[in-house]
Amino acid sequence: MATLYNQYRPKTFGDVVGQEFTTRALSNQTENGTVSHAYLFHGPRGTGKTTTARILANAVCCGEGSEPCLDCDICWDFANDEYVDLIELDAASRGGVDYARAITEFVQHLPVMGQYKIIIIDEAHMLSKSAANALLKTIEEPPEGVIFCLCTTEVHNIIPTIRSRCQEYKLRLLNTHDLLGLLRSILTKEEKHLEDEVLNLLIRKAEGSPRDAISQMETALSLDIQDYTEISRILYGMDPLGIDTLLSAINTGDSRKWADYVKNYGVNLDIVAEAIQDFHSQLLGLKNTLFDYEELAFILRQLNNAYAQAKKEDTLAIVSSIILLAVKHITDNVEVLEPDF
Ligand SMILES: Nc1ncnc2c1ncn2[C@@H]1O[C@H](COP(=O)(O)OP(=O)(O)OP(=O)(O)O)[C@@H](O)[C@H]1O
Ligand SMILES: [Mg+2]
Ligand SMILES: [Zn+2]
């Protein structure tokens, strides 16, 4: 049986959650016939890069306007992964020059079904150097009706000559509100129920990735666990009260409270560090607006306060090292906050 996240892969731009900038631009382009010949979709894993590329391909080939009609032969073939004028290549396993040559060959022939031939390259950063070079010319000036969609989590590893030929879209981590909406809508269609506090815990663990959130929910459903404490133990290896105490302590800069918890319960430091990292990456993913820098500054200030306080007292050595870990995690992930223009 298909995994839940494959079963609920969005079929239209309207179904894609939280990526309005990208989906609006692309649906306008399909509507107005201003589609480009090369796209680059990048962003964190499981945020909808491949999905968006497939919807774009489908909408363009269907030709009914801003969205795939989901009713014609072409859309039917797309839904069944049978569309003959589409190639989807995973460069992680097929990134060699032979595959690049096969693509160059593929685009030389006229489309069978309609006016377009589409090439989706997943994990495009894994194309070998020679493969990338072999594709360069075709991506630069593809034959009429050929569209390339490159998808990657590592945009900095796409060679600049290819990158500069593509129209670029950055997909984002989703905020809690959008993830909650997504999980609830899937639950409704599945005619299942989970309490919001359980969903929130699953979402926290997903770090802003819709695929991970759906996947966590599938695990919870398959284990038939409804109970918050039990899910928390499975996901985090500790009870939710402990995690919440720790998180609220770090966010108020009250490292004494935190140290007490560590002393009393002897928590596993790896788990604690992971919980803090999860929590903060979620905060980072929360608001992709210009104000994010303020949010970041606030979190860093709180962490610095907690660190300064912890450093003063020897018994808080453990706490201070965890805080440092969290700071490192945040600064490592700071590019999440960069505004797109
Ligand atoms: N923005 C989104 N809205 C709704 N569902 C989404 C979204 N992004 C991802 N999903 C869910 O996650 C699944 C995987 O998405 P997709 O394969 O497009 O992610 P990706 O960004 O290409 O991931 P990867 O980096 O691993 O290639 C989809 O089938 C869908 O169920
Ligand atoms: Mg993908
Ligand atoms: Zn159609």
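The following paragraphs describe the nonpolar cores, one central strand and the ligand shell of a predicted model. Local features require pLDDT of at least 70 and side-chain atom pairs pLDDT 80 or more, while totals for chains, interfaces and linings use all residues. Residues are numbered from 1 along each chain as its sequence is written, and ligands are numbered from 1 in the order in which they are written.

The largest nonpolar core has 47 residues. Such a core is a set of buried Ala, Val, Leu, Ile, Met, Phe, Trp, Tyr and Cys residues joined through C-beta atoms within 7 Å; buried means that 20 or more other C-beta atoms, placed from the backbone, lie within 10 Å of a residue's own. Helix α3 contributes the most to this core, with eight residues. A second, separate core of 17 residues includes L174 and M217.

Strand β3 (helices, H or I, of at least four residues and strands, E, of at least two are DSSP runs numbered from the N terminus) has six of its six residues buried, so it is largely enclosed by the rest of the structure. K117, I119 and I121 are buried on one side, and I118, I120 and D122 on the other. In a regular strand, side chains alternate between the two faces of the sheet. Five bridges join β2 to β3, and the two run parallel.

Around ligand 1 there are 23 residues, of which R9, G48, T50, T51 and R211 come nearest; a residue is near if its C-beta atom, placed from the backbone, lies within 6 Å. Both domain 1 (4-170) and domain 2 (174-236) give residues to this shell, so ligand 1 lies between them; the bounds come from an automatic or database domain assignment.

Terms used
Buried ≥ 20, exposed ≤ 12 C-beta atoms within 10 Å, placed from the backbone. Pairing = 2+ DSSP bridges.
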